[in-house]
Amino acid sequence: MKPVQELSRVAPEMLAGLHADAALRQRILSAQSALHPWTLRRLAPIGVAALVLVGGVTAWLRTTEHPAKPGTVTIEIQSAGGSASGDLLASLDVPGDSVQIGNQAKVSAFQSLLARGDNGNFPLIGYNGSAYRMLTAPGSLSKKALGDSLGTVALYTDEPSLTDADAWYGLLSNAAEEGSEVYAVAGLSSGTAVAAQVDGEMRLFQRASYADYGSGGGSLEDVLSVRGKVKSLDLSGVGVVEDSAAANALMSLLLDNAVFQGDGSASGKQALNIRLNNGLTLQLLVSGDTLSCCGAWSCAEFFSAFQAALPVAQPAEQEAPSGQDASPEQQAEPPVAEAPPVGIEPAQELLPPPEAPPAPLP
């Protein structure tokens, strides 16, 4: 920057060539008219709206607590060295099985495998005076899952409930076409399940109650003959017993103690999925302590035993009971100093300053 003292010399050099005449006045007026006031007036509201929007979003992000999505894992967060204000939860946007803490039991959501139909008539097969309801899974049975042939569908009808008993003691269906082959299922009795082709796929049908055709006065095992054939049991909303021996013990308890409550439509907002050794799954709907599919059966002790059979999370370290000495292994382990929180330096011991050395003798 030029010193002020040199202004008298510099000004003539900088303003050389400028003359206060009509031409200079016209240049000034032309440059001033190039700025259109109406353009600025139109842009001003847009700029103000943009500033308000940015400010509002920023304030919302700072003040809004987003609830965790269903099925996600939530972890309580706390700043190092201080306590968090409120119950702040951080939601991890990862699949539900990606984070597991401890040996926690698996819990599945309710999903009915019992196929539905129109006008209250679910897809079924009538065989030997019994009804079999189609399951939604699997979508197709393999040939190795099939047993002996039970015959062919003699009657296809949209109203099985209006059909006479003679047809029910033959083979009828409202799903499999007339002439379709009906098979037993490998490893299961024909009183439990059958299979037939529907829309080009071999489908599984489980024994069920329909109209006047139910359990026939037999036991639960007569319509659900799966003793010793269970791989696991899954009670929706409660947990899964994956140990085969424990699952079969529970099923034996149910088959031996179930009390018949009557025939009627299966109902419930829970389900017991019975996964078999042959890879198939049968299902009973659950309401309270009652299970239903072919008839309704109550068995409170089954549900108590099921809860007790679920895996329990084990503590990472067990302390010795009060009044007892710790084990030799615990005594041999030296105590481990707890690490300070992340971001906080450990406290330093304050030592007195060193004494000054004595002055040298003269």
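A residue is called exposed when its relative accessible area is over 50% and buried when that area is under 20%, with partly exposed residues in between. Keep these cut-offs in mind during the tour, and remember that the model on your screen is a predicted one.

**The whole chain**

Begin with the entire protein in a cartoon view, where the secondary structure comes to 8 helices and 17 strands. Of its 362 residues, 30% count as buried. If you consider the contacts between residues at least 6 apart in sequence, 61% of them join residues at least 24 apart.

**First stop: Asp-199**

Select Asp-199, which you will find in the loop between E9 and E10. Is this residue buried or exposed? Its relative accessible area is 75%, and because this value is over the 50% cut-off, Asp-199 is exposed. Its backbone also deserves a look, since phi of Asp-199 is near 50°, which is a positive value in a residue other than glycine.

Now widen the selection to the two strands on either side of the turn, and you will see that E9 and E10 form a hairpin with 2 residues between them. The strands of this hairpin run antiparallel, and 6 bridges join E9 (residues 193-198) to E10 (residues 201-208). To look at one place along this pairing, select Ala-195, which stands opposite Leu-204 in E10.

**Second stop: strand E9 and its sheet**

Keep E9 selected and show the residues around it. Although Asp-199 in the turn is exposed, 5 of the 6 residues of E9 are buried, so this strand is largely enclosed by the rest of the structure. Next, add strand E8 (residues 181-185), which pairs with E9 in the antiparallel sense over 3 bridges. Within this pairing, the bridge partner of Val-182 is Ala-196 in E9.

Zoom out from these strands to see the open sheet to which they belong, which has 8 strands in the order E5-E8-E9-E10-E4-E3-E7-E6, with mixed pairing. Which strands are the edge strands? They are E5 (146-152) and E6 (155-156), each of which pairs on one side only.

**Third stop: two loops**

From the edge strand E5, move to the loop between strand E4 (130-134) and E5, where you can select Pro-138. The peptide bond that leads from Ala-137 to Pro-138 is cis, with omega near 0°.

Then go to the loop between E10 and H5 and select Ala-211. Phi of Ala-211 is near 50°, again a positive value in a residue other than glycine. At 57% relative accessibility, Ala-211 counts as exposed.

**Fourth stop: the cavity**

Turn now to the interior, where the structure holds 1 cavity of 30 Å³ or more. The largest cavity has a volume of about 40 Å³. To display its lining, select Gln-206, Arg-207, Leu-220, Val-223, Leu-224, Leu-284, Leu-291, Ser-292, Cys-293, Cys-294, Gly-295 and Trp-297. The elements that give two or more residues to this lining are E10, helix H5 (220-223), strand E16 (290-293) and strand E17 (295-298). E16 gives the most, with 3 residues. If you colour the lining by class, you should find 8 nonpolar, 3 polar and 1 charged residues.

**Fifth stop: Gln-283**

Select Gln-283, which lies in strand E15 (residues 281-287). At 0% relative accessibility, Gln-283 counts as buried. Where does its side chain reach? The side chain of Gln-283 reaches the backbone oxygen of Gln-111 at 3.0 Å.

Next, show what surrounds this residue: leaving aside residues up to four places away in sequence, Gln-283 touches Gln-111, Ser-112, Leu-113, Leu-114, Gln-206, Ala-271, Leu-272, Asn-273 and Cys-293. Among these neighbours, Gln-206 and Cys-293 should be familiar from the previous stop, as they also line the largest cavity.

**Last stop: a pocket**

Finish at the second largest pocket, in which about 310 Å³ of space lies. It is lined by 18 residues, and to find the middle of the pocket you can select Gly-120, Phe-122, Arg-133, Ser-265 and Ala-266, which are the closest to its centre. By class, the lining of this pocket has 7 nonpolar, 8 polar and 3 charged residues.

Technical notes: Residues numbered from 1 in each chain as written. Predicted model: local features only at pLDDT ≥ 70, side-chain atom pairs only at ≥ 80, totals over all residues. Heavy atoms only, no water. Helix = DSSP H or I, 4+ residues; strand = E, 2+ residues; numbered from the N terminus. Buried < 20%, exposed > 50% of the residue type's maximum accessible area, 1.4 Å probe, protein only. Polar contact = N/O pair within 3.5 Å; in protein donor to acceptor, adjacent residues only side chain to side chain. Contact = heavy atoms within 4.5 Å. 1 Å grid on protein atoms, 1.4 Å probe; cavity = no way out; pocket = protein on both sides within 12 Å on 5 of 7 lines; lining within 4 Å. Points joined across faces, edges and corners; volume = space filled by probe spheres on them. Nonpolar A, V, L, I, M, F, W, Y, C, P; charged D, E, K, R; others polar. Pairing = 2+ DSSP bridges.
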